[in-house]
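Colleague: Could you take a close look at the charged and aromatic side-chain pairs in this one and talk me through them?

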Amino acid sequence: MAICSKKFFGYNFECTRRFGYDGIYAEMIDDCRLLLKEKTFYPIEFDGMKGIGQGSARIHYQTGKSYTWNIVSTGKVSVCFLTEFGRIVYASKEPRGTFECKFNSPYGRIEVVSDGEIKYISLKPADSLYNCRKDVLDKIKEIKPQTIRLPGGCFAEKYRWKDGLLPIEERPPVVNEGKFNLFCSHHNYDGYELNIDDYIGICRYVGAEPEYTVKLTKNDPQDAADLVEYCNGDASTKYGALRISRGFKEPYNIKTWYIGNEVAFIADHKAAAELNDKFVEAMLKVDPTIKTVVTTGNNPDWDEKFLASAKMVDYCAQHSYIVEQIPNYDLSQVLQAAEGALYNKLEASCKRFNGKKMLLDEWNLRWGMFGDSFSGLYVAGVITMLIRNAEKLNLDGASYFALVNEGIVRVYHDHVILSPDGEIFKRMVEHVDGELELDEDSSYIKTIHDGYTFTSVLNKSATDEKLLTDIEGEYEIFTPNGENMNISKGNGSLSVIPPASVVFIKKYN
């Protein structure tokens, strides 16, 4: 009997838009590298020195919570932390330190003066992990992510992993060139808040297997080989030894590597195929056990020409946002989109990839938006369809886009919640490692585990109730309520569920 694979519960970790700043990043300062100082800070003077200050919604001081600051200057400094209306929270003459806040201030301020040049100002919660907000990581942990892909999508073609090995205040920022939407919530740049070591720490903290996307354009194969060596090499290798010297003794053991991302938009197919083969060849010399994913999935004509030239192919990537096929979708279309629009797209790709395994490594109803009841229902439909049709589609896994502020988790300055997408994923991951028992009804998934049976059912009708058969146990029913979903719980027999609803039932043997 087939086993429900964990590979369909993967996620993209792309630090663009509100994923990073206003999302997972612990950094509270707006423009901490002072690239736009005149626009993001105001001038101040105290202690006989001049400097800068900032008030921001990101600076939310909470009672009893501790914060750590880091100021880089060519001279001595004084720093003052204040509430919105000027009440002093804490003051110090040290460039680094930690303080505990005594007041709640949802729009706080920080003011820094120096007799030298101020180059960097950072303020983070003291409990942050891997330069991320711990509460966000804890919320991600709730959905039990099985794989996490960094640097996700388009960010991969900007990210230079060796720059990330510098101390955080010395890392050159990733500046946007070309894509208007990459860093639109943070002054068109990313400050390298996360490096490869942070990423592995995050994966281990939340329990996910790491998958990495190598920068293909404006890069060389040796850089990719060096990265594989840093992640998977031992002390006898140059970069394995470097990793160990940085305090990370055990190899990161990354086995799935994406070779570029959406290169069809930025490079010729023949040039991309030649680069792909050179990169994969160099990487395999370092670790012959890795598997690589080529940069297909956005342009069918480009894909065919690329695959006709590329020789080093383990997996083909496929990306899909249904809003591109159904721009003005309604509830009925969302409920049918997985079995209709997405299935048809994957079936066509399966034929085009001509026997090569496929990974649906970016998918969602849309990108750039909080998850809501529509995208939550779409999640239920897609996971149901993928698990039921994986063999037919030659599909080996899928990665949802994205974890933070574009689907799974909604982040606010003082709290974090799961969106409907996250609540659905949190339940559906229960199927992992269970024996699949499927009947002809395509809205069901039933898995048998040690001690219990777990069943999920999606009602794909927007207007009619769905009759159920042989459904009994502890259940939760999800029904749309505006942007969110109502969750009703019970224990016993279920014979019917409402229109546009998802039910999860656990029956103990």
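Modeller: Here is a walk through the salt bridges, then the rings, then one helix and one loop residue.

Before that, the ground rules: this is a predicted model, so local features need pLDDT of at least 70 and side-chain atom pairs count only at pLDDT 80 or more, while totals for chains, interfaces and linings use all residues. Residues are numbered from 1 along each chain as its sequence is written, and side-chain values use heavy atoms, with hydrogens and water left out.

Searching the whole structure turns up 31 salt bridges (a side-chain nitrogen of Lys or Arg within 4 Å of a carboxyl oxygen of Asp or Glu). One of them joins Lys6 to Glu209, with the closest N and O atoms 3.4 Å apart. That pair links distant parts of the chain: Lys6 sits in the segment before β1 (10-12) and Glu209 in strand β13 (residues 209-214), 203 residues apart. Helices (H or I, at least four residues) and strands (E, at least two) are DSSP runs here, numbered from the N terminus. Lys6 is partly exposed at 32% relative accessibility, and Glu209 is partly exposed too, at 24%. For those labels, buried means under 20% relative accessible area, exposed means over 50%, and partly exposed is in between (1.4 Å probe, protein chains only).

Next, Asp22 and Arg58 meet at 2.9 Å, N to O. Asp22 belongs to helix α1 (residues 20-24), and Arg58 to the loop between β3 (49-55) and β4 (66-73), 36 residues away. Asp22 is partly exposed at 29%, whereas Arg58 is buried at 11%.

Asp226 and Lys162 also form a salt bridge, at 2.9 Å, N to O. Asp226 is in helix α5 (residues 221-232) and Lys162 in the loop between β10 (147-150) and β11 (174-175), so this bridge ties together parts 64 residues apart in sequence. Here Asp226 is the buried partner, at 9%, and Lys162 is partly exposed, at 32%. There is a network as well: salt bridges link Glu423, Arg427, Glu476 and Lys489.

On to the rings. The count comes to 33 aromatic pairs, where rings of Phe, Tyr and Trp (its six-membered ring) pair if their centres lie within 6.5 Å, with planes under 30 degrees apart called stacked, over 60 edge-to-face and the rest tilted. Tyr11 and Phe425 make an edge-to-face pair, 5.1 Å centre to centre with 70° between the planes. Tyr11 is in strand β1 and Phe425 in helix α11 (residues 420-428), 414 residues apart. Both Tyr11 and Phe425 are buried, and they belong to one aromatic cluster with Phe9, Trp363, Tyr378 and Tyr400.

Charges meet rings as well: Arg410 lies over the face of Phe370, 5.8 Å from the ring centre, and Lys506 does so over Tyr452, at 4.6 Å. The test is NZ of Lys or CZ of Arg within 6 Å of the ring centre and within 35 degrees of the ring normal.

Now the helix: in α3 (residues 134-142), Val136, Leu137, Lys139 and Ile140 are buried. Down the axis, the buried residues of α3 fall within an arc of 160°, so they line one face; the arc is that of the directions from the helix axis to the C-beta atoms.

Finally, Asn195 sits in the loop between β12 (189-190) and α4 (196-206) and is buried at 4%. Beyond its neighbours within four places in sequence, Asn195 is in contact (heavy atoms within 4.5 Å) with Tyr159, Gly164, Arg171 and Arg246.
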